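Got your viewer open? Let's take a walk through this protein, one selection at a time.

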Amino acid sequence: MWGRRRRTRRWLDGWEEVAATGLPQWDLLDDDERARLASRVEHLVRRKHWEAARGFELTQEVVITIAASAGLLALGLDRDCYRHVRAVVVHPKTFTSHGVRATHVGGVVTRGPQRLLGHARDGRGPVMLSWRAVRRDVRHPERRQNVVVHEFAHKLDSADGLFDGTPEISDRADRADWVQVCNREYRRLRRRDEPDPVLRRYATKSPAEFFAVASEVFLMQPLALEEHHPELYRVLCGYYDQDPAGRVRRS
């Protein structure tokens, strides 16, 4: 216990310097947003179990880079929104998952090994991440991908027990608006013959992947998402209670 506390203090000491290089949006945040981010980062670091896989070493850079991205996604949400995340397991590079999984064909499953960059387990299972993928996304934000945001968005999606692309939204009118807009956007994306300007093809795999991919672009390229999918951007702003495009415009 004491060793864990010392390790946690070591990770949090001077975390802002790490976040300044590990979070592409750091310079866009105002003082209030940085204060809220600090609360989210501290909660994630102190309250979640952090584990390195296959002999990998958990450094301050690794932990804070991941916690900062997950914290930014939850900036406007309740601090306990990740209550179903008990652990974060970091692999040095891609890792293999075994077992039954869904396919692109509705109702059809397959089994066998699968190479992954990230994975969010059902229920209270861990979030598993490839550090190589995390670092690549930080260094190349123009790719509009962020594996940390993607997997933590899955956890938000499944908080009600379902991976269905609809996170917990208490207000009935807001939930109905969300379902209508996201279902329409998801169907449009699946019907497109040419690539979408901002949402990669992986978003058509399922409503759950659509939500996770849209959440990535919401933070990584908000102006582009607002331009090409204004209604989708609007409901994401409503759910996440933040306006990343406005953040970019004020900078």
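Before we start, one bit of vocabulary: Ala, Val, Leu, Ile, Met, Phe, Trp, Tyr, Cys and Pro count as nonpolar, Asp, Glu, Lys and Arg as charged, and the others, Gly among them, as polar. Also keep in mind that you're looking at a predicted model.

**Stop 1: the cavity**

Select Leu 23, Pro 24, Gln 25, Ser 69, Leu 72, Asn 146, Val 149, Leu 219 and Met 220, which line the largest cavity. How do these lining residues divide into nonpolar, polar and charged? They come out as 6 nonpolar, 3 polar and no charged. The volume of the largest cavity is about 30 Å³, and a search of the whole structure turns up 1 cavity of 30 Å³ or more. Now colour α4 (60-73) and α8 (207-220): each of these helices gives at least two residues to the lining.

**Stop 2: zoom out**

Switch to a cartoon view of the whole chain. You should find 11 helices and 8 strands. The radius of gyration is 18 Å, close to the 18 Å that the globule rule gives for 251 residues, so the protein is as compact as a globular protein of that length. Along its principal axes, the C-alpha trace spans about 55 × 50 × 35 Å.

**Stop 3: two helices that pack**

Two packed helices are described by the angle between their axes and the distance between the axes. Try that on α7 (residues 172-191) and α10 (residues 230-240): they pack at an angle of about 140°, with their axes 9 Å apart. Is their crossing left-handed or right-handed? The crossing of α7 and α10 is left-handed.

Next, show side chains. On the α7 side, pick Asp 177, Trp 178, Val 181, Cys 182, Arg 184 and Glu 185. They meet Glu 231, Leu 232, Arg 234, Val 235, Leu 236 and Tyr 239 in α10. The residues of this contact split into 7 nonpolar, no polar and 5 charged.

**Stop 4: a pocket by the same helices**

Keep α7 and α10 coloured, as each supplies at least two residues of the lining of the second largest pocket. Which helix gives the largest share of that lining? It is α10, with 4 residues. To find the spot, select Glu 168, Ile 169, Ser 170, Gly 238 and Tyr 239, which lie nearest the pocket's centre among its 18 lining residues. The second largest pocket holds about 440 Å³ of space, and its lining divides into 8 nonpolar, 2 polar and 8 charged residues.

Note on methods: Residues are numbered from 1 along each chain as its sequence is written. This is a predicted model: local features need pLDDT of at least 70, side-chain atom pairs count only at pLDDT 80 or more; totals for chains, interfaces and linings use all residues. Side-chain values use heavy atoms; hydrogens and water are left out. On a 1 Å grid over the protein atoms alone, a cavity is a set of points where a 1.4 Å probe fits but cannot get out, and a pocket is an open set with protein on both sides within 12 Å along at least five of seven lines; lining residues have an atom within 4 Å of a point. Grid points are joined across faces, edges and corners, and a volume is the space filled by probe spheres set on the points. Axes are lines fitted to C-alpha atoms, for helices over the stretch in contact, and angles run from 0 to 180 degrees between N-to-C directions. A crossing is left-handed if the near helix is turned anticlockwise from the far one by less than a right angle, and right-handed if clockwise. Contact means heavy atoms within 4.5 Å. The radius of gyration is taken over C-alpha atoms; the globule rule is 2.2 Å times the number of residues to the power 0.38.
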